[in-house]
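Open the model in your viewer and keep the selection tool at hand. Each stop below says what to select and what is there.

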Amino acid sequence: MPIPEEKLKDSSASPLNQQRGYWNQVSDDFTESRRHLLWRAHSDQVNTRLFENLMQEKQFGRVLKTDLFDESLTAGLYPCLAGHAEEVHGMDLSESCIRQAARRYPEMKTYRADIRETEFADGSFDGVVSTSTLDHFEFAEELEQALGEIHRILKPGGELFITMDNLQNPAIWLRNMLPYRWLGKTGLVPYFVGHTVTRNGLHRLLEQTGFCTRDSRPVLHCPRVLAVPYSEMVRKRGNSGSQDRLLERLLAWERLERWPCSWFTAHFVAVHAIRL
């Protein structure tokens, strides 16, 4: 992925180390500034409801979460996953994310790893949860490589729960068409977003990789362009009561998932797939 020039302190560093350095700085910035915490709390609510619904009463042995950005800042999905798995493992490219998440959840097994190529043995996990991890690569080939790696580390019959940016949402499509160097200045896109695919494209990629799709649904309908600045104002100026009321109002937007236009309002595509 392209790293902003001002973030690179050593131009001779390897691309992977540059990426680690960039995501470490993103993590440190969010931790220190406490930016977007209310919006991220809303995202936690939505994701928890989604995964509780997808997992139903299932119990897994070992589950891997492919990034720890959420858990480094807010509750994230760990409490949900811990209720469905004997062991929850978490990985991230960023040491900062790992450090913050491990401090919050010391019982979680954590690793510094790149989902495109890990050191896990074949068939290490019964389930993999990937929330908006694979849409931060620059090239389509990297997405395909990451899906292949997830397939490798899942047991046959293992389950993948994945969310990716939804290109049917006009705002997401426009955002992905515009240069990041412009969008980053607005504050609405606070870190690099990369290549993604359409809903049907994701289904095809999963099938080509050796997965069978069981479920697909639109997720997170509250308009981010309005909600993020408003939630920041409430976070800075409001009390706990006003923050709780805001979270209730944000959650009300998620009723759009039942509307015919839901694929055009959702920020993400969520897919539940089985490894063949």
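Start with arginine 199 and tryptophan 263: arginine 199 lies over the face of tryptophan 263, 3.7 Å from the ring centre. Bear in mind throughout that this is a predicted model.

**Stop 1: an aromatic cluster**

Select Tyr22, Trp23, Phe30, Phe69 and Tyr191, which form one aromatic cluster. In the model as a whole, the count of aromatic pairs is ten. One of them is tyrosine 22 with tryptophan 23, an edge-to-face pair with 5.0 Å from centre to centre and 65° between the planes. Both tyrosine 22 and tryptophan 23 are buried.

Now keep phenylalanine 30 and phenylalanine 69 from the cluster. Why is this pair called edge-to-face? The ring planes stand at 80°, with the centres 5.4 Å apart, and planes over 60 degrees apart count as edge-to-face. Colour the helices to see where the two rings come from: phenylalanine 30 sits in helix α1 (residues 15-33) and phenylalanine 69 in helix α3 (residues 69-73), so the pair links distant parts of the chain, 39 residues apart. Phenylalanine 30 is buried, with a relative accessible area of 1%. Phenylalanine 69 is buried too, at 11%.

**Stop 2: arginine 35**

Stay at phenylalanine 30 and add arginine 35, which lies over the face of that ring at 4.6 Å from the ring centre. Next add aspartate 29. Arginine 35 forms a salt bridge with aspartate 29, and their closest N and O atoms are 2.4 Å apart. Are these two residues buried or exposed? Arginine 35 is partly exposed, with a relative accessible area of 23%, and aspartate 29 is partly exposed as well, at 33%.

**Stop 3: two buried salt bridges**

How many salt bridges does a search of the whole structure find? The search finds 15. Side chains of opposite charge can pair when their charged atoms come close.

Select aspartate 70 and arginine 40, whose side chains meet in a salt bridge at 2.5 Å, N to O. Aspartate 70 belongs to helix α3 and arginine 40 to helix α2 (residues 37-55), so this pair ties together parts that are 30 residues apart in sequence. Aspartate 70 and arginine 40 are both buried.

Then move to arginine 116 and glutamate 142, where the side chains meet in a salt bridge, again with 2.5 Å from N to O. Arginine 116 is in the loop between β3 (109-112) and β4 (125-131), while glutamate 142 is in helix α6 (residues 140-153); the pair links distant parts of the chain, 26 residues apart. Arginine 116 is buried, and glutamate 142 is buried as well. Add Asp114 to the selection: salt bridges with shared partners join Asp114, Arg116 and Glu142 into one network.

**Stop 4: helix α11**

Finish with residues 240-252, which make up helix α11. This helix has 13 residues and reaches 19 Å from its first C-alpha to its last, close to the 18 Å expected at 1.5 Å a residue.

Which residues of α11 are buried? They are Ser242, Leu246, Leu247 and Leu250. These residues lie on the same side of α11, because they cover an arc of only 145° around the axis. Turn the helix to look at the face directed away from its buried side, and you will find the exposed residues Ser240 and Glu248 there. Finally, show α2 and α10 (224-237), which are among the elements that cover the buried residues of α11.

Terms used: Residues are numbered from 1 along each chain as its sequence is written. This is a predicted model: local features need pLDDT of at least 70, side-chain atom pairs count only at pLDDT 80 or more; totals for chains, interfaces and linings use all residues. Side-chain values use heavy atoms; hydrogens and water are left out. Rings of Phe, Tyr and Trp (its six-membered ring) pair if their centres lie within 6.5 Å; planes under 30 degrees apart count as stacked, over 60 as edge-to-face and the rest as tilted. Buried means under 20% relative accessible area, exposed over 50%, partly exposed in between (1.4 Å probe, protein chains only). Helices (H or I, at least four residues) and strands (E, at least two) are DSSP runs, numbered from the N terminus. A charge sits over a ring if NZ of Lys or CZ of Arg is within 6 Å of the ring centre and within 35 degrees of the ring normal. A salt bridge is a side-chain nitrogen of Lys or Arg within 4 Å of a carboxyl oxygen of Asp or Glu. The expected span of a helix is 1.5 Å times one less than its number of residues. The arc is that of the directions from the helix axis to the C-beta atoms. Contact means heavy atoms within 4.5 Å.
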